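Q: Could you take a close look at the cysteines in this one for me? I'd like to know who pairs with whom, and where the partners sit.

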Amino acid sequence: MWPNISAAPFLLTGFPGLEAAHHWISIPFFAVYVSVLLGNGTLLYLIKDDHSLHEPMYYFLAMLAGTDLMVTLTTMPTVMGVLWMNHREMSHGACFLQAYIIHSLSVVESGILLAMAYDRFIAIHNPLRYTSILTNIRVVMLGMGAFMRGFISIIPVILRLFSFPYCHSHVLSHAFCLHQEVMKLACADITFNRLYPVILVYLTVFLDSLIILFSYILILKTVMGIASGEERTKALNTCISHIGCVLIFYVTVIGLSFIHRFGKNVPSVVHIIMSYVYFLFPPLMNPIIYSIKTKQIQYGILRLLSKDRFGS
């Protein structure tokens, strides 16, 4: 049975007890959102515009930047709407769509980080065949596989949200919709919606992290077999940026999961802050990490700045 269109909308929440300060709180949030858009947008532009960056490693980086942009553009309107205008109402359909995109992109990002680990493994373990193994077609297939896995795997639980009656409180604890929050408001058997995401996380995010760890063990084994110390350092340096992005993503995932699972006595503001850290910190830091640690990106930024400066 599909929900009644006239059903009461969900109510989003900013920072409980700090409503009077929402306008001030919105300033750092807006600054972070703008930084995320500029940072990831710049990466996408550089990779598209600079032919020296037309390599598998940077194609995967472009996918990561695109995913971060989509996450940001999905949460930004409702978060800023609550903080700026106290616009809290959100229809069921819009809420479910937002939850679908948010959770799908989390799985997608994990898949892209896995593909990037594969890219680094091939580059170091089999450098002479790197371009013949990671052809443009194969890179596109890996990217499409990551996106399809994310957006298809989330469909079952989101579809079930449409069939639930919602007779409990309609107040959500964040300024965006999350599946685990919405399902708790349903007056129905939510056993499937409780179990499926746990199984999905183990089969995607958790399994991806194990494969990434295993790939770096193999990379380290290969690097230790290189005779030249300078070559060993050079090989490891090509992995630093990816390792940084992996750590930021999975540490925030583990932190958020830990808080949701075991933090029943933790103040609600801690849950809220951890959620914002999870959705904002990786998209903010990923372009910074690659800009600091990747010389080709640095050269691209310098060329872009000099082009704007001299108008050529």
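A: Let's start with the link of Cys 167 and Cys 187: the turn about its S-S bond is -120 degrees, which is left-handed. Keep in mind that this is a predicted model, and that goes for the sulfur positions too. In this pair the sulfur atoms sit 1.5 Å apart, and Cys 167 and Cys 187 count as a disulfide because the cut-off is within 2.5 Å. The two ends come from distant parts of the chain, 20 residues apart: Cys 167 is in the loop between helix 6 and helix 7, and Cys 187 is in the loop between helix 7 and helix 8 (191-224).

How buried or exposed are those two ends? Cys 167 has 54% relative accessibility, so it counts as exposed. Cys 187 comes out at a relative accessible area of 25%, so that one is partly exposed.

Now for the other bridge. Cys 95 and Cys 177 form a disulfide with their sulfur atoms 2.0 Å apart. The link of Cys 95 and Cys 177 is left-handed as well, with -120 degrees about the S-S bond. Cys 95 belongs to helix 3 (residues 92-125), while Cys 177 lies in the loop between helix 6 (155-163) and helix 7 (179-182), so this bond ties together parts that are 82 residues apart in sequence. As for the surroundings, Cys 95 and Cys 177 are both buried.

That brings the count to two disulfides. If you number the bonded cysteines along the chain, the pattern reads 1-3, 2-4.

What about Cys 239 and Cys 245? Cys 239 is in no disulfide, and the nearest cysteine sulfur to it, that of Cys 245, is 12 Å away. With a relative accessible area of just 1%, Cys 239 is buried because buried means under 20%. Turn to Cys 245 and you get the matching story: Cys 245 is in no disulfide either, and its nearest cysteine sulfur is that of Cys 239, 12 Å away. Cys 245 has 2% relative accessibility, so it counts as buried too.

So, for your notes: Cys 95 goes with Cys 177, Cys 167 goes with Cys 187, and Cys 239 and Cys 245 are in no disulfide.

Key. Residues numbered from 1 in each chain as written. Predicted model: local features only at pLDDT ≥ 70, side-chain atom pairs only at ≥ 80, totals over all residues. Heavy atoms only, no water. Helix = DSSP H or I, 4+ residues; strand = E, 2+ residues; numbered from the N terminus. Buried < 20%, exposed > 50% of the residue type's maximum accessible area, 1.4 Å probe, protein only.
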